[in-house]
Amino acid sequence: MSGGPGAAGAPVVSPTKLALVMALAVFVGETGVHFLLETYRPLGPWTRSLLDAGVLLLALVPVYFLVYRPFWRAREASTGEIRRLSRQILRVAEAERERLARDVHDDAGQYLAALKLAVATLERTPGAERPEIRAQAQRLDQLVDQTRARVHEVVTTLRPPDLERRGLVGALEQLVVECGNRFPQARVHFTSQGCEGRLDAELDTALYRVCQEALCNAVRHGRAGNVEVELLCSAQELRLSVRDDGQGFEVDEPSSMADKIIGGVGLPGMRERLALVGGRLYIDSTQDQGTLIQAVIPLKEG
């Protein structure tokens, strides 16, 4: 792919051509000024200054049509193309998550089931009644159960099965329940209003991922004791709010707890994901006073 001056799609205007057009505009303007001054001599003392200003504006007209407007159109086209490619990357990433989750579920599930059967066989083996062997077999059985639970968490994180089966509300309800079970020190509560039926699949996924990230930040990094998740749906917009009473951070400080609590690609990832579906992310947080994260997606009429 060419990387020359015309690669961006905007017409290239040479400096010489632009200078000639501007000179022609100034010449025409000055000729008109001279004609007006000769024809209407009683004009006031400020007339010459006003006419010179008009000539200057006339000289800037070619700059607008030959430089600024093509550049702006090319910039808009590039922004649209970047957004389209970003959405495509996001779709590919979600498809890869789904494939990876399926592989982990199938392969790890089979091995864990075989290991569970092997432990059960070991417990029935002659001599297994010895206390030390029985204790080891029980420990192995517990490790298999813990590993199976962890694999289930990983698979659910990669691909939320309830999102397709139960819709966004059902998936968020299950996410809140699993978050409460995994982090019993935090009380997580979910409410929704006006969100009956399925939404657009991309909107569902975007809001689910934002809620997933916000909950993780609140209970794992923010050390919140109470988290309120609210989903409001109207004809104009979708609004997801996650409010916690955790340690919070100073949003305006670049080196604040924002980088530690919402570290890595969490916060930029949420913003980018929402931007791709026309949404915005709002954050209100104060040190030691909790955090409010809101994801707002306007809905197109019709």
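1. Strands E4 (residues 280-285) and E5 run antiparallel and are joined by six bridges. This is a predicted model, and the pairing should be read as such. Within the pair, Arg280 stands opposite Val296 in E5. The hairpin of E4 and E5 has five residues between the strands, and there Asp288 takes a positive phi near 65°.

2. E5 also pairs with strand E3 (residues 237-244): the two run antiparallel, with eight bridges between them. One of the bridge partners can be named: Leu240 is matched with Ala295 in E5.

3. Is strand E5 enclosed or open to the outside? Six of the eight residues of E5 (residues 291-298) are buried, so the strand is largely enclosed by the rest of the structure. E5 has bridges to E3 and to E4. In a regular strand the side chains alternate between the two faces of the sheet.

4. On the cysteines, the count is one disulfide. Cys195 and Cys233 form it, with their sulfur atoms 1.9 Å apart. The pair links distant parts of the chain: Cys195 lies in the loop between strand E1 (187-193) and helix H5 (201-221), while Cys233 belongs to strand E2 (residues 226-233), 38 residues apart. Both Cys195 and Cys233 are buried. The disulfide is right-handed, because the torsion about the S-S bond of Cys195 and Cys233 is about 100°.

5. Why is Cys179 not bonded to Cys216? The closest cysteine sulfur to that of Cys179 is in Cys216, 8.1 Å away, which is too far for a bond; the cut-off for a disulfide is 2.5 Å. Cys216 is likewise in no disulfide, and its nearest cysteine sulfur is that of Cys179. As for exposure, Cys179 has a relative accessible area of 10% and is therefore buried, the limit being under 20%. Cys216, at 23% relative accessibility, counts as partly exposed.

6. Does the length of helix H3 agree or disagree with the expected span? H3 (residues 131-158) has 28 residues, which at 1.5 Å a residue should span 40 Å. The C-alpha atoms at its ends are 41 Å apart, so the two values agree.

7. Which residues of H3 are buried? They are Ala137, Val144, Val151, Val155, Thr156 and Leu158. As background to that list, an α-helix has 3.6 residues a turn, so residues three or four places apart point the same way.

How values were computed
Residues are numbered from 1 along each chain as its sequence is written. This is a predicted model: local features need pLDDT of at least 70, side-chain atom pairs count only at pLDDT 80 or more; totals for chains, interfaces and linings use all residues. Side-chain values use heavy atoms; hydrogens and water are left out. Helices (H or I, at least four residues) and strands (E, at least two) are DSSP runs, numbered from the N terminus. Buried means under 20% relative accessible area, exposed over 50%, partly exposed in between (1.4 Å probe, protein chains only). The expected span of a helix is 1.5 Å times one less than its number of residues. Two strands pair if DSSP finds at least two bridges between them.
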